[in-house]
Amino acid sequence: MELLTVSLKLAKEAAAEVTKEAVKATETAAEFGKVGEVIETEQVRFGKLGAGDCGKPISFGSLASGEFKKNPNYLRWKDGINVGEVGKGWIEELTNEIAAIFGNDNIKVSKQYFMNNAGINTYLGQLIYDPNYLRKAGNEYGMDTILGTLSHEVGHRVVHNIGLESEITPYENEACADYIAGLTARLCKLDSTHRLVWYRKYHLTESTLENPSEQKHLLGG
């Protein structure tokens with residue numbers, strides 16, 4: 001999880017320091033990812049936040065700047081969400097905005113009805129979702145739980161990209177994805193209570209719910 005901490009620091013530092021730390025992060029990921037197998041260069045792009053002109057500061061795009069909250073597609077969710085408002089194009093746009101926070105990636109999105117879930121093929125970078133699942137989650141637990149779901153799936157892709165997937169247990173993988181979803185909520189100033197309501201039903205134990213420090217950690221605090 002060192003790279004996630006580095007990412008937070010990078011966002012607050014001057015451009016020169018950003019470049020230096022980004023290079024370090026990339027080298028660390030490359031070396032760690034070579035435990036037991038060779039990781040292709042394209043899979044270790046997580047830390048390349050300073051790609052291109054190294055003199056330019058990092059930009060987290062419309063999600064972190066809050067611009068996406070002015071998007072008509074997002075505003076339509078405020079009065080309730082129907083299936084037509086979680087279309088493939090919009091979900092793919094949001095997914096890649098989230099992915100761009102953590103590195104240079106390109107995730108393809110497709111719909112599959114009646115799966116009642118969302119998931120990602122981490123190797124191919126292919127996210128599959130059931131529109132009814134996202135619609136129901138957004139309506140029952142709050143609209144930003146949709147972004148929480150997408151962030152969780154992107155989190156699995158990040159774990160894969162930095163070479164951790166084969167080095168940790170499935171439980172640890174889920175914990176990492178949850179952390180990345182919380183980190184995204186923090187960076188993008190999402191309504192974290194939406195996702196917490198969802199976690200209360202599906203993930204959190206009673207002891208975690210009663211422990212404020214655990215909740216803060218879950219939300220990337």
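**Helix packing and aromatic pairs, with reasons**

Visitor: Which residues of H5 meet which residues of H7?
Guide: In this predicted model, Ile-91, Leu-94, Thr-95, Ile-98, Ala-99 and Phe-102 of H5 meet Ile-146, Leu-147, Leu-150, Ser-151, Val-154 and Val-158 of H7. The residues of this contact divide into 10 nonpolar, 2 polar and no charged.

Visitor: Why are H5 and H7 called oblique to each other?
Guide: Helix H5, residues 88-102, and helix H7, residues 144-161, pack at an angle of about 50°, with their axes 9 Å apart. Angles under 35 degrees count as roughly parallel, those from 65 to 115 as roughly perpendicular and those over 145 as roughly antiparallel, while the rest are oblique. The angle of about 50° falls into none of the three named ranges, and H5 and H7 are therefore oblique to each other. Their crossing is right-handed.

Visitor: What makes the pair of Phe-68 and Tyr-74 edge-to-face?
Guide: A search of the whole structure finds 4 aromatic pairs. For Phe-68 and Tyr-74 the ring centres are 4.9 Å apart and the planes stand at 70°; a pair needs centres within 6.5 Å, and planes over 60 degrees apart count as edge-to-face, so this pair is edge-to-face. Both residues are buried, and together with Trp-77 and Trp-90 they form one aromatic cluster.

Visitor: Why, then, is the pair of Tyr-113 and Phe-114 called tilted?
Guide: The planes of these two rings stand at 55°, with the centres 6.5 Å apart. Since stacked requires under 30 degrees and edge-to-face over 60, an angle of 55° belongs to neither class, and the pair is tilted.

Visitor: How do you know whether Tyr-113 and Phe-114 are buried or exposed?
Guide: Exposed means a relative accessible area over 50%, and buried means under 20%. Phe-114 has 80% and is therefore exposed, whereas Tyr-113, with 37%, lies between the two limits and is partly exposed.

Visitor: What makes Tyr-133 count as buried?
Guide: Tyr-133 has a relative accessibility of 14%, and the limit for buried is under 20%, so Tyr-133 counts as buried. Tyr-133 lies in helix H6, residues 131-141, and, leaving aside residues up to four places away in sequence, touches Asn-116, Asn-117, Ala-118, Thr-149 and Trp-198.

Visitor: How many residues along the chain separate Tyr-133 from Tyr-113, and what is the separation of their C-alpha atoms?
Guide: Tyr-133 and Tyr-113 are 20 residues apart along the chain, and their C-alpha atoms are separated by 8.7 Å.

Technical notes
Residues numbered from 1 in each chain as written. Predicted model: local features only at pLDDT ≥ 70, side-chain atom pairs only at ≥ 80, totals over all residues. Heavy atoms only, no water. Helix = DSSP H or I, 4+ residues; strand = E, 2+ residues; numbered from the N terminus. Buried < 20%, exposed > 50% of the residue type's maximum accessible area, 1.4 Å probe, protein only. Contact = heavy atoms within 4.5 Å. Phe/Tyr/Trp six-rings, centres within 6.5 Å; stacked < 30°, edge-to-face > 60°. Axes fitted to C-alpha atoms, helices over the stretch in contact; angles between N-to-C directions. Left-handed = near helix turned anticlockwise from the far one by under 90°. Nonpolar A, V, L, I, M, F, W, Y, C, P; charged D, E, K, R; others polar.
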